[in-house]
Amino acid sequence: MARPAWLGELLVLLLFAASLDQVALATEVQPPVTNLSVSVENLCTIVWTWSPPEGASPNCSLRYFSHFDDQQDKKIAPETRRKKELPLNEKICLQVGSQCSTNESEKPSPLVKKCISPPEGDPESAVTELQCIWHNLSYMKCSWLPGKNTSPDTNYTLYYWYSSLGKSLQCENIHREGQHIGCSFKLTKVESNYEHHNIQIMVKDNAGKIRPSYKIVSFTSNVKPGPPHIKHLFLKNGALFVQWKNPQNFSSRCLSYEVEVNSTQTDSYNSNSLEGASCFISPGVLANTVYTVRVRVKTNKLCFDDNDLWSNWSEALSIGKEPNSTFYTTMLLIIPVFVAVVIIILLFYLKRLKIIIFPPIPDPGKIFKEMFGDQNDDTLHWKKYDIYEKQSKEETDSVVLIENLKKAAP
């Protein structure tokens with residue numbers, strides 16, 4: 001039996017009307033949400049809650065659009081609450097609006113804003129450089145520096161919380177390390193999916209005179225493994241073989257390795273970023289050489305955040321054969337003697353060479369002294385003789401003159 005033509009037209013009209021209703025709902029701006037409030041759970045888990053808008057269309061499947069003041073972490077969901085782990089060191093605001101679909105292009109209702117203020121107190125009194133490191137997945141150690149406007153005798157307290165704890169716990173092991181203050185507490189793998197969780201940290205003082213400081217630490221960041229242990233070290237077929245045991249609580253695929261090899265005859269070298277291995281082979285081993293090996297590890301991106309926190313070095317082990325000590329002792333004795341002999345010969349040769357190249361210049365004074373020094377006595381004798389001879393001649397002349405005068409007198 002054929003359907004009447006008007007029945008088909010009626011169905012088309014109904015579908016068209018339904019589509020118009022959907023378009024109208026999509027373009028219709030919904031009323032804002034009501035009773036938006038904010039609270040804090042644990043140490044720094046912020047919870048916003050709200051009520052559906054009043055006067056919303058009954059045909060609208062309400063969805064709620066929310067984001068923080070910096071337009072980050074946008075979310076569209078049907079729940080009337082939102083929870084977020086954030087450090088409470090600054091003012092945090094959330095804006096919420098309602099809409100009829102999950103389409104981000106749809107214009108939401110007017111946004112309602114609710115903020116949570118930072119903790120009370122002087123910002124300069126809050127601790128600085130607060131950092132936490134998870135050592136070998138066994139314990140966490142946090143350290144910080146006192147704030148500028150803080151008394152030296154301030155007694156600090158550290159609280160921590162994560163999802164496996166019913167309530168926040170206090171760290172009892174407060175200690176000082178130079179200018180830094182620290183506290184460590186036991187922390188093991190608390191859940192199988194711990195990589196999706198964080199640990200919340202708060203540091204304040206007992207008297208409430210400083211401003212509290214907060215920090216969120218991911219279980220996959222700031223992880224420092226313990227040092228590995230070298231199990232086997234041997235030489236075979238001209239190669240060096242190293243095998244080690246991973247630190248506890250870590251599998252090989254989650255670690256990267258660095259092997260350092262030092263020898264007595266060559267420079268040291270490192271083999272970086274050996275992924276998922278627990279052994280190392282170094283070819284080209286030299287004879288009469290001692291090799292010293294040590295290993296360290298860090299987490300990789302397969303299981304953790306790659307944060308370059310290397311473990312301490314393993315205990316160094318050595319293998320190889322020292323060169324003949326008698327030969328070295330003999331050389332140590334012969335070389336200084338040989339060098340001394342060479343220096344003496346060289347000095348003698350240089351002295352002779354100096355005489356040849358720069359002969360000595362004679363002293364004229366010595367020459368004249370040698371020429372006339374032996375004749376001084378004869379010259380004096382000659383001078384005395386001349387004087388005596390002159391006197392004798394004068395006396396003779398005087399006698400002759402007197403004799404002549406006598407003869408001439410009558």
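This report describes salt bridges in a predicted model.

The structure holds 7 salt bridges, and three of these pairs are set out below with the separation of their N and O atoms.

| Acidic residue | Basic residue | N to O distance |
|---|---|---|
| aspartate 69 | lysine 113 | 3.3 Å |
| aspartate 73 | arginine 82 | 3.1 Å |
| aspartate 308 | lysine 298 | 2.7 Å |

Aspartate 69 and lysine 113 form a salt bridge in which the closest N and O atoms are 3.3 Å apart. This pair links distant parts of the chain, since aspartate 69 lies in the loop between β3 (63-68) and β4 (75-77), whereas lysine 113 belongs to strand β7 (residues 112-116), 44 residues apart. Aspartate 69 has a relative accessibility of 36% and therefore counts as partly exposed, and lysine 113, at 48%, likewise counts as partly exposed.

In the pair formed by arginine 82 and aspartate 73, arginine 82 is buried, with a relative accessible area of 5%, while aspartate 73 is partly exposed at 35%. These two residues also take part in a network of salt bridges that links Asp73, Arg82 and Lys84.

The side chains of aspartate 308 and lysine 298 meet in a salt bridge with an N to O distance of 2.7 Å. Here too the pair links distant parts of the chain, with aspartate 308 in the loop between β22 (290-299) and β23 (317-320) and lysine 298 in strand β22, 10 residues apart. Lysine 298 counts as buried because its relative accessibility is 9%, which falls under the 20% cut-off.

Note on methods: Residues numbered from 1 in each chain as written. Predicted model: local features only at pLDDT ≥ 70, side-chain atom pairs only at ≥ 80, totals over all residues. Heavy atoms only, no water. Salt bridge = Lys/Arg side-chain N within 4 Å of Asp/Glu carboxyl O. Helix = DSSP H or I, 4+ residues; strand = E, 2+ residues; numbered from the N terminus. Buried < 20%, exposed > 50% of the residue type's maximum accessible area, 1.4 Å probe, protein only.
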